[in-house]
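Trainee: I would like to take a close look at one part of this protein with you, and to see how that part sits in the whole. Could you walk me through it?

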Amino acid sequence: GVRVRWKIAARTDSELFGEEQSRIVVSLEPARLGELRNLAASRQIPLRELGVVGGDRFFIEDIVDLPLDEVAGAWKSSLEKAMG
């Protein structure tokens, strides 16, 4: 699961799925966050902390709150359902 706290300033679809620039999501032990911040800063790379992983829900504040098994089911079967 994941819990994301992200105040979206623009269009939600653009913020979540926009392809105008490269984006990377990194998951790491909380104790190493400072190390990642220092690495990003030393290379002038913007860094935004999104939230924490764990649990049984897919949660993005004010946007989506779903059980993880529902999200996983949609991911595993949506192409098959669309094709028919």
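Before we zoom in, what radius of gyration does the protein have, and what would a compact globule of 84 residues have? After that, please take me to the nonpolar patch on the surface that L28 helps to form.

Mentor: Happy to! Keep in mind that this is a predicted model. The protein has a radius of gyration of 16 Å, whereas a compact globule of 84 residues would come out near 12 Å. The C-alpha trace tells you about the extents: along the principal axes it spans about 50 × 30 × 25 Å. Burial is given as a share of the chain, and 12% of the 84 residues count as buried. The accessible surface comes to about 7,400 Å², with 55% of that belonging to carbon and sulfur atoms.

Now for the fold that carries your patch. Three helices and four strands make up the secondary structure, and along the sequence they follow the pattern β-α-α-β-β-β-α. As for contacts between residues at least 6 apart in sequence, 55% of them join residues at least 24 apart.

With that frame in place, let's go to the patch itself. Its members are I24, V26 and L28, which together offer about 300 Å² of accessible area on the surface. L28 sits in the loop between α1 (12–17) and α2 (33–42). How exposed is L28? Its relative accessible area is 35%, so L28 counts as partly exposed. A residue needs over 30% relative accessible area to join a patch, and L28 at 35% is therefore on the right side of that cut-off.

From there, follow the chain through α2 and you reach another loop, the one between α2 and β2 (51–53), where Q44 lies. Q44 deserves a look at its backbone: phi is near 55 degrees, a positive value in a residue other than glycine. Q44 is also exposed, with a relative accessible area of 74%.

A similar question can be asked of the loop between β3 (57–60) and β4 (64–67), which is the place of D62. Phi of D62 is positive too, at about 65 degrees, although D62 is not a glycine. At 69% relative accessibility, D62 counts as exposed.

So, to gather the loop residues for your notes: L28 is partly exposed, while Q44 is exposed and D62 is exposed as well.

Note on methods
Residues numbered from 1 in each chain as written. Predicted model: local features only at pLDDT ≥ 70, side-chain atom pairs only at ≥ 80, totals over all residues. Heavy atoms only, no water. Patch = residues over 30% accessible without salt bridge, like charges linked within 9 Å, V, L, I, M, F, W, Y side chains within 5 Å. Areas by Shrake-Rupley, 256 points an atom, 1.4 Å probe, with all protein chains shown as cover. Salt bridge = Lys/Arg side-chain N within 4 Å of Asp/Glu carboxyl O. Helix = DSSP H or I, 4+ residues; strand = E, 2+ residues; numbered from the N terminus. Buried < 20%, exposed > 50% of the residue type's maximum accessible area, 1.4 Å probe, protein only. Rg over C-alpha atoms; globule rule 2.2 N^0.38 Å. Contact = heavy atoms within 4.5 Å.
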